[in-house]
Every structure is written in C-alpha cells, then in structure tokens.
Amino acid sequence: MKCLLDATSVKVLARAIHCLAKIGDELHIEPTENGLTLKTVNASKSAYSAFNFHLPFFLDFYHISENTVQADSDEDTVIKCKLPMKSILSVFRSIGSLEKSVETCNITLPLLEALLIIEFKCKHGIIKHFNLRYFECESVEAEFCKSGYASKFSCTSRFYNETLLSFHSSTQEVTWSLAMDQVHLSNHIDDELDPSKCVRTEVTLAKDEFVDFNVALCTQVTFCLKELRAILAFAEALKLDLDCRMEGAGQPVLFSLEKADLYSADFLLATLTPVLDSTATSSRTTNNQRKNDASTQSNLSKHSSPVPILRDKADSRTVSCANLQTTLMLNVPESPCHTSRLNSLSLIEPQLFPAMDDNLDLEIQPPPPKRARARYIFQNCLKATQEAREGPCEVFAPDSEGDD
C-alpha cells in the first residue's frame, strides 16, 4: 500500500488518530481497494471505532494485496496489521506543528517488510522519515446495520459539547432518555451510593434543537461518556454534524459522521443491560428488610423492659427471656460477612493476665505532678558518681606509701 496526502488531509488524519488514541491502545490498519481504514477497540471491548478514508481523500493511492506477488487473481487478501498507539502518536503528536510545516505526507506499507513508513515533506526542503514496526493480526469487525435502528437524531457537534459542559468532568456514565418530543440527559448514579452525597445533573433537549429528529421508540440507555467526548472533540474541530442511532437498553448505540465523499466514521458504544435493575431491586429489598428489623428491635426495646420484669414474677420472667432472645437474634444476624469478621478477629492471639483476687482492694493512686515526675527521672543525675559500698571489697592497687 502506498498513498500520498496533502497538508489538509494530514491534519484530518492526525485528528482521527488522536480521537482513536483516546479510545483504544492499539491502531489497526487495513488498506482496501476503496481506501484506508483505521480501527481500534478499547480494553474492555465496550467501544469500537472505525475511520474510513475514501479514494478522493488522497492525492494518490495504490492498493497492493498480498496475493499480487503470487499472481493469484482468484483471491484477494488485505494486509492486516496493528501497532501500538503510542508509536503512531509520536509521529502525529502536535497537530498545530503539522498544519504549519508539512506540505505532503507519503505513507507506505511494504509487503516484504513489517514496517509502516511515514515521510513528511516540510517547508524549506526538510524531510522527516519515520519507520514504525507493526504486528500481523486478525481483522477487527463489528456487525451492525444503520437501517436497523428504531430511533435516529442528528445535531451539530458544538451543540452536544455545550450540553455536556453541564456535567462534571468526573462523570463516567450518562443516561439518555428518549421521548417523542425531547431527549433527556442525566448523569448515572450507582444504587450502592448514597443519593444525598451525589450531585444530580439533568439536561433536557427539545425536538426543535436537532437538525433531524426521528424517535420511534421511547427508551432509556446508559453508556460511557469518555468515548463520546473523544468523538465530539474530532467532530467539533472539523465542524461536522453527529448522527446518533439508538434501539433500547442493552443494545449498542451508534454514532456516525461523514464528510461528503472524503471520509466517514462509525463509533459503536455498549450500553448497560437491564439485568442491573434486578440487582438494584434486590439491594433495595435487603435494605428495606434491614430497616424493618431495626424498627422491630426498637419497638421491642420500648415495650419490654427485661430488668424490672425479672424482679417481679416467675411467669413474667419467661416472657422477658423470650423477648431478650428475640432481641439478641435481631442484633446478631447469621450472615457470611459477620462470620468472616469473627474469623478475622479470632486470629488475634489474646494476652493472658495473671489471676487476681476478687477481694483484693486496689488502691488507685493519681499520677504524680509534673515536677515530681521530672525529679524522679533525673534523680540519678543528682547523685554522686561514686557511692560507698557496704562490706569488704577486693583491692587491686594498694595506696602508695607516703614520703618519709
């Protein structure tokens, strides 16, 4: 494969690579007879992106298949390769610098060498040459049909960006609720989180604000916001309209854009499945059951007073013991979490204390004042360095005799 691009096409190609770099870690390159295709998939395989650059996008484009060397015209295979996104970003890192200095770009994918060769011809006769090593891989495909979606609406990318400015930068997922005359956007909050400690953001878009609005099914879908921001960054830089197609909860959402006959892009994003709603319902049921148990325990504690009743009669003692047993059962439910916590505490070895006489009266003395405490600490410093010892002691060096 060999293609030649002008300065305007180089800028578009660089923005497309930056957009794909925000979604996936590997860039898949597939040259075909109709142009060049760049694809990527994120690590969790929940987002698929593909840019298709058609023949009018290039100044020159030559497609050479692998079987051309063997002269086999019955079968035509496409070169399937991928390379790390960091390596290709090192070439197209600064879009502004490429726009000012690059005049033409020559991209070559030779058959006999596992190299992607990129050559920039810049102003003042400067030539930049890059050799990037790639790896052979299988083709990455996503099966979808644009005509199979029930709802479709399109709007300018700038309008979408202004709408998403209302959401906090830390928002990870957004929920789109489709109605016959409006689209409602809100940030998705997990049921496990406390709603009183979360910020709720909601935006309503009327039907008149869209360029094309055709909603045949009222539904609600939730998907990741990170990939959508990457799509809008590319579309707004080139002032393109963005088409959105939705089916229902659990079905993928398709965003697409197109620039005449030059290039097109498709972004397929996974949505949350309705199975999560059953999990949320079960968690709510568990919380309500705990609240009911707590209310039952409080009622028992109010209407029954075990200590006074035990002192009155023997028959009332049985009732009070039953109430006491019920209260204890409510306080210590049998659950695996409680058992695991008990097991973890049992691993700590207790420290044994000597047995003490119960009749022994211990005299608790108050702590000494600060001055007495300091005197006790430094009392050895105030004593003489040599103390007289009681009893005989062995003499190693006797006293010298006096001069007569």
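**Exercise 1. Determine which residues of H1 are buried, and how far the helix reaches.**

In H1, the buried residues are Ser9, Val10, Val12, Leu13, Ala14, Ala16, Ile17, Cys19 and Leu20, where buried means under 20% relative accessible area, exposed over 50%, and partly exposed in between (1.4 Å probe, protein chains only). Helices (H or I, at least four residues) and strands (E, at least two) are DSSP runs, numbered from the N terminus. This is a predicted model, in which local features need pLDDT of at least 70 and side-chain atom pairs count only at pLDDT 80 or more, while totals for chains, interfaces and linings use all residues. Residues are numbered from 1 along each chain as its sequence is written, and side-chain values use heavy atoms, with hydrogens and water left out. From first C-alpha to last, the 15 residues of H1 reach 21 Å, close to the 21 Å expected at 1.5 Å a residue (1.5 Å times one less than the number of residues).

**Exercise 2. Place H1 and Phe92 in the largest nonpolar core.**

The largest nonpolar core has 78 residues, and Phe92 and Trp176 have the most contacts inside it; such a core is a set of buried Ala, Val, Leu, Ile, Met, Phe, Trp, Tyr and Cys residues joined through side-chain atoms within 4.5 Å. Helix H1 (residues 7-21) gives the most to this core, with eight residues. Leaving aside residues up to four places away in sequence, Phe92 touches, among others, Val10, Leu13, Ala14 and Ile17, contact meaning heavy atoms within 4.5 Å.

**Exercise 3. Explain whether Thr163 is buried or exposed.**

Thr163 lies in helix H4 (residues 157-164), and it counts as buried because its relative accessibility is 6%.
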